[in-house]
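Thanks for sharing this one. Here are some notes to read alongside the structure, set out as numbered points.

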Amino acid sequence: MAVLELLLETVEDLIDKDFKKFKFWLGNGVDFRPIPRSYLENADQMDTVGKMIDTYGEEMAVKNAVDVLKKMGNNNAAQQIKSRYTAGNTAAPSTSAAAPPAAPVGPPAAPASMMAQQGSIIIAPNVAGGTSGTWNINITK
């Protein structure tokens, strides 16, 4: 099932009071960057899901929805969306077309570092490799 459909079904199942709480927590953030409240003020379910995907991307939108539902005390809905998302991402590939064998995967790349010394600056660095996962950026002066 597509993430858009999964999130929309989940949000549409919330009663009005709970949907209002859901938007409240999206606008305040739980353990994530909040969506600006002005984006959510008059947003219906479809608009809210669209803003979530635009702001966080699909995977993080699901994770953040789970976090918000847990914060609201709706653990059942949180577990359902998490299970359905996981099941959708681990489903067996279709047998209609044979996929080529996967290339061997090497060890992960070493962490990259950048330094600017004595008043130098770093402008628009290029980072090679995957862009998913956690990024830690430390700025020291």
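1. A good place to begin is the inside. This is a predicted model, and its largest nonpolar core has 27 residues. Leu 7, Phe 22, Leu 26, Met 52, Leu 69 and Ile 81 are the members that touch the most others. Helices α1, α2, α4, α5 and α6 each give two or more residues to this core, and α5 supplies the largest share, with six.

2. Now for the overall plan. The protein has six helices and zero strands, so that, reading from the N terminus, the order is α-α-α-α-α-α. Of its 141 residues, 26% count as buried. If you take the contacts between residues at least 6 apart in sequence, 53% of them join residues at least 24 apart.

3. Helix α1 covers residues 3–12. Its buried residues are Val 3, Leu 6, Leu 7, Leu 8, Thr 10 and Val 11. Which helices do the buried residues of α1 pack against? They meet α2, α4 (45–56), α5 and α6 (75–89).

4. The pairing of α1 with α6 deserves a look on your screen. Their axes come within 11 Å and cross at roughly 165°. An angle over 145 degrees counts as roughly antiparallel, and α1 and α6 are therefore roughly antiparallel to each other. Their crossing is right-handed. On the α1 side, the contact uses Val 3, Leu 6, Leu 7, Glu 9 and Thr 10; on the α6 side, it uses Ile 81, Arg 84 and Tyr 85. Sorted by class, the contact of α1 with α6 has five nonpolar residues, one polar and two charged.

5. Thr 10 is worth a closer look. Is this residue of helix α1 buried or exposed? With a relative accessible area of 11%, Thr 10 is buried, because the cut-off for buried is under 20%. Leaving out residues up to four places away in sequence, Thr 10 touches Leu 69 and Ile 81, two residues that are also listed among the core members touching the most others.

6. Next, turn to α2 (residues 16–28) and α5 (residues 58–71). These helices pack at an angle of about 120°, with their axes 10 Å apart, which makes α2 oblique to α5. The crossing of α2 and α5 is right-handed. Helix α2 brings Phe 22, Trp 25 and Leu 26 to the contact, while α5 brings Ala 65, Val 68, Leu 69 and Lys 71. The residues in this contact of α2 with α5 divide into six nonpolar, no polar and one charged.

7. Leu 26 has a long list of partners to click through. Not counting residues up to four places away in sequence, Leu 26 touches Phe 32, Pro 34, Ile 35, Leu 40, Thr 48, Met 52, Tyr 56 and Val 68. One of these, Val 68, belongs to the α5 side of the contact with α2.

8. Finally, do not skip the loop between α1 and α2, where Leu 14 lies. At 9% relative accessibility, Leu 14 counts as buried. Setting aside neighbours within four places in sequence, Leu 14 is in contact with Phe 19, Phe 22, Leu 69 and Asn 74. How far apart in space are Leu 14 and Gln 45? They are 31 residues apart in sequence, and their C-alpha atoms are 9.5 Å apart.

Conventions:
Residues are numbered from 1 along each chain as its sequence is written. This is a predicted model: local features need pLDDT of at least 70, side-chain atom pairs count only at pLDDT 80 or more; totals for chains, interfaces and linings use all residues. Side-chain values use heavy atoms; hydrogens and water are left out. Axes are lines fitted to C-alpha atoms, for helices over the stretch in contact, and angles run from 0 to 180 degrees between N-to-C directions. Helices (H or I, at least four residues) and strands (E, at least two) are DSSP runs, numbered from the N terminus. Angles under 35 degrees count as roughly parallel, over 145 as roughly antiparallel, 65 to 115 as roughly perpendicular and the rest as oblique. A crossing is left-handed if the near helix is turned anticlockwise from the far one by less than a right angle, and right-handed if clockwise. Contact means heavy atoms within 4.5 Å. Ala, Val, Leu, Ile, Met, Phe, Trp, Tyr, Cys and Pro count as nonpolar, Asp, Glu, Lys and Arg as charged, and the others, Gly among them, as polar. Buried means under 20% relative accessible area, exposed over 50%, partly exposed in between (1.4 Å probe, protein chains only). A nonpolar core is a set of buried Ala, Val, Leu, Ile, Met, Phe, Trp, Tyr and Cys residues joined through side-chain atoms within 4.5 Å.
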